[in-house]
Amino acid sequence: QTCALPIYGAVLSDYDRNWAVADNELKQALALAPHDGMVLLLVAALPLTLGQDAPARQLYMESLVCDPLLANTYLLLQWVELRSGHMTEAETAARKVMEIDPSFVWGHVFLGQILLLRGNPQAALAEMELETDDIARADGLTIVYNALGRKDDSDAALRQLTAGAADINSFSIGEAHAARGENDEALKWLDRSVNQKDSALFLFKGDPFLKNLR
């Protein structure tokens with residue numbers, strides 16, 4: 001039951017977007033297992049989704065005290081730091097993900113995004129190219145090629161991303177269009193991601209690549 005409660009709460013938060021019920025489930029889980037790193041990680045799903053950076057960060061830090069080798073915790077901590085503007089802390093957390101698990105899916109892309117936002121597109125490109133997941137790599141390359149002014153390459157990567165992710169991760173396609181300044185297309189794909197109940201929507205608030213839409 002202790003394990004089921006936070007998983008159910010995270011599903012309610014990320015997939016069903018039933019935040020009131022999710023809050024109740026996650027509070028119960030936290031009361032039952034306040035020193036379980038995975039429970040703390042899952043409980044942070046709700047404040048992360050709602051853009052509440054301070055409580056999310058606190059839960060992730062507590063999770064890492066309990067289990068310092070949870071790569072997922074570092075991955076989500078880096079997102080909180082990124083959207084809070086704490087770029088050094090974000091990069092440190094992202095590199096910790098790759099230190100724990102060099103093959104972590106989306107790990108190279110998230111690190112590459114931070115490097116790009118820190119003004120180092122060539123380092124970002126090198127990092128994106130290391131990504132082993134096809135959809136994640138296409139997402140990263142679409143954005144970084146655009147930043148480098150390589151439109152044809154960005155277009156090709158976007159076509160690959162669209163072909164692979166249209167039915168499973170429309171959020172990434174919307175994000176890529178937004179990063180390219182294609183706001184109408186971005187909104188179309190983000191609407192689709194809502195209708196698909198795309199679990200990646202938990203990244204929506206504070207996403208630096210959606211700034212053109214705000």
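Begin by selecting Leu-82, which, once residues up to four places away in sequence are set aside, touches Met-87, Ala-90, Ile-114, Leu-117 and Pro-208. The model you have open is a predicted one, and it is worth keeping that in mind at every stop. Leu-82 belongs to helix α6, and with a relative accessibility of 5% it counts as buried. If you add Gln-113 to the selection, you will find a residue that is 31 places from Leu-82 in sequence, while the two C-alpha atoms are 9.6 Å apart in space.

**The largest pocket**

Stay with α6 and turn to the largest pocket, to whose lining α6 gives five residues, the largest share. The space in this pocket comes to about 550 Å³. To find its centre, select Leu-75, Leu-76, Ala-200, Phe-202 and Leu-203, which lie nearest to that point among the 27 residues of the lining. Colouring by element then shows where the walls come from, since two or more lining residues are given by each of α1 (4-16), α3 (37-43), α4 (45-49), α6 (71-83), α8 (107-117) and α12 (170-179). What kinds of residue make up the lining of the largest pocket? They divide into 18 nonpolar, six polar and three charged residues.

**A serine in α5**

Next, select Ser-63, which is found in helix α5 (residues 53-66) and which, at 0% relative accessibility, counts as buried. Showing the side chains around Ser-63 brings up Gly-37, Leu-40, Leu-41, Leu-70 and Thr-73, which it touches when residues up to four places away in sequence are not counted.

**Two faces of α2**

Now select residues 19-32, the 14 residues of helix α2, whose end C-alpha atoms are 20 Å apart, in agreement with the 20 Å they should span at 1.5 Å a residue. Within α2, mark Ala-22, Glu-25, Leu-26 and Ala-29 as the buried residues. These residues lie on the same side of α2, because they cover an arc of only 95° around the axis. Rotate the view to the face turned away from that buried side, and you will meet the exposed residues Ala-20, Lys-27 and Ala-31.

**Two faces of α11, and a neighbour in α10**

Helix α11 (residues 151-165) can be explored in the same manner, and its 15 residues reach 20 Å from the first C-alpha to the last, close to the 21 Å expected at 1.5 Å a residue. Which residues of α11 are buried? They are Ser-154, Asp-155, Ala-157, Leu-158, Leu-161 and Ala-165. Because they cover an arc of only 165° around the axis, they are placed on the same side of α11. The cover over these buried residues includes α10 (134-147) and α12, whereas the face of α11 turned away from them carries the exposed residues Asp-152, Arg-159 and Ala-163.

From here, move to Leu-141, whose place is in helix α10 and which counts as buried at 11% relative accessibility. Leaving out residues up to four places away in sequence, Leu-141 touches Leu-125, Met-128, Glu-129, Asn-146 and Ala-157. For a longer view along the chain, add Glu-185, which is 44 residues from Leu-141 and has its C-alpha atom 18 Å from that of Leu-141.

**Two residues with positive phi**

Select Trp-106, in the loop between α7 (87-100) and α8, and look at its backbone, where phi is positive at about 75° although the residue is not a glycine. Is Trp-106 buried or exposed? Trp-106 is buried, with a relative accessible area of 18%. Then go to Lys-197 in the segment after α13 (183-195), another residue that is not a glycine and yet has a positive phi, here of about 55°. Lys-197 counts as partly exposed, at 33% relative accessibility.

**A last stop after α13**

Finish with Asn-212, which also lies in the segment after α13 and counts as partly exposed at 38% relative accessibility. Setting aside its neighbours within four places in sequence, Asn-212 is in contact with Ala-178, Gly-181 and Asn-183. Ala-186 makes a useful final selection, as Asn-212 and Ala-186 are 26 residues apart in sequence and 9.7 Å apart in space, C-alpha to C-alpha.

Methods:
Residues are numbered from 1 along each chain as its sequence is written. This is a predicted model: local features need pLDDT of at least 70, side-chain atom pairs count only at pLDDT 80 or more; totals for chains, interfaces and linings use all residues. Side-chain values use heavy atoms; hydrogens and water are left out. On a 1 Å grid over the protein atoms alone, a cavity is a set of points where a 1.4 Å probe fits but cannot get out, and a pocket is an open set with protein on both sides within 12 Å along at least five of seven lines; lining residues have an atom within 4 Å of a point. Grid points are joined across faces, edges and corners, and a volume is the space filled by probe spheres set on the points. Helices (H or I, at least four residues) and strands (E, at least two) are DSSP runs, numbered from the N terminus. Ala, Val, Leu, Ile, Met, Phe, Trp, Tyr, Cys and Pro count as nonpolar, Asp, Glu, Lys and Arg as charged, and the others, Gly among them, as polar. The expected span of a helix is 1.5 Å times one less than its number of residues. Buried means under 20% relative accessible area, exposed over 50%, partly exposed in between (1.4 Å probe, protein chains only). The arc is that of the directions from the helix axis to the C-beta atoms. Contact means heavy atoms within 4.5 Å.
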